[in-house]
Amino acid sequence: MDVTIRPARDDELDEVGELTARAYLEDGLLTFGEEDPYLERLRAARLRAQHTELLVAVDAASDAVLGAVAFVGEGGAFGEVAAEGEGEFRMLAVRPEGRGRGAGEALVRACVERARERGLRRLVLSSTGEMATAHRLYGRLGFVRAPERDWYPYQDLALHVFVLDL
């Protein structure tokens, strides 16, 4: 694989925030587009880096950032649906040039590995119904839907929960 996973460096955090925001915007995943209040949170990679393990997928040859994800060990400021003994990951995003190269899969596998290293019993995530490509990836990696844990951060925005027993 020509993609490497490593922690995001401080000098990459603004780029990671913009990469995440652009991926969600360009894929039509924000209900209110450029006016969506979640956009500010997506861009806040510096804040994420303070409360999560912010990982990046980089081109192995050039070290160019291709994608990012926030791994939440157990709860904290960025935990949304993880219960005791569960890890969570959030805001998985991959640039168009990183798609089809395994960047997204490598980022998710890195989260699985970190959850196992911490002795967690399960890894969870939330996703919108529109994220079909991501759902296929999660299914390939063994995640299953947990509809009983679905939730609504806003009135008309349903988030679907996926779990992987470790």
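Strands, as named on this tour, are DSSP runs of E at least two residues long, numbered from the N terminus. Keep that in mind for the pocket stop, where strand E4 matters: it gives the most to the lining of the largest pocket, with seven residues. The model on your screen is predicted.

**The whole chain**

Start with everything shown as a cartoon. You should find five helices and eight strands, and from the N terminus on they run β-α-α-α-β-β-β-α-β-α-β-β-β. Along the principal axes, the C-alpha atoms fill a box of roughly 45 × 40 × 30 Å. A compact globule of 166 residues would have a radius of gyration near 15 Å, and the chain agrees because its own value is 15 Å. Of these 166 residues, 47% count as buried. Among contacts with a separation of 6 or more, 63% join residues 24 or more positions apart.

**Helix H1**

Next, select residues 13-26, which form helix H1. Its 14 residues should span 20 Å at 1.5 Å a residue, and the end C-alpha atoms are indeed 20 Å apart. Now show side chains for the buried residues, including Leu-13, Val-16, Leu-19, Thr-20 and Tyr-24. Which elements do the buried residues of H1 pack against? Colour helices H2 (38-43) and H3 (45-51) along with strands E2 (53-59), E3 (65-72) and E4 (86-94), and you have the partners. Following H1, click on Gly-28, whose phi is positive, near 70°.

**Helix H4**

Move on to residues 103-117, helix H4. Here 15 residues should span 21 Å, and the distance between the end C-alpha atoms, 21 Å, agrees. Its buried residues include Ala-103, Ala-106, Leu-107, Ala-110, Cys-111 and Arg-114. An α-helix has 3.6 residues a turn, so residues three or four places apart point the same way. Just after H4, look for Gly-119, which takes a positive phi of about 75°.

**The largest pocket**

For the last stop, select Tyr-24, Leu-29, Leu-92, Met-131 and Ala-134, which lie nearest the centre of the largest pocket. How much space lies in this pocket? About 990 Å³. The lining has 43 residues, and by class these are 24 nonpolar, nine polar and ten charged. To see where the lining comes from, colour H1, E4, H4, strand E5 (122-127), helix H5 (132-140), strand E7 (151-154) and strand E8 (157-165), each of which supplies at least two residues. Tyr-24 ties two stops together: it is one of the buried residues of H1 and one of those nearest the pocket centre.

Definitions and conventions:
Residues numbered from 1 in each chain as written. Predicted model: local features only at pLDDT ≥ 70, side-chain atom pairs only at ≥ 80, totals over all residues. Heavy atoms only, no water. Helix = DSSP H or I, 4+ residues; strand = E, 2+ residues; numbered from the N terminus. Expected span 1.5 Å × (residues − 1). Buried < 20%, exposed > 50% of the residue type's maximum accessible area, 1.4 Å probe, protein only. Contact = heavy atoms within 4.5 Å. 1 Å grid on protein atoms, 1.4 Å probe; cavity = no way out; pocket = protein on both sides within 12 Å on 5 of 7 lines; lining within 4 Å. Points joined across faces, edges and corners; volume = space filled by probe spheres on them. Nonpolar A, V, L, I, M, F, W, Y, C, P; charged D, E, K, R; others polar. Rg over C-alpha atoms; globule rule 2.2 N^0.38 Å.
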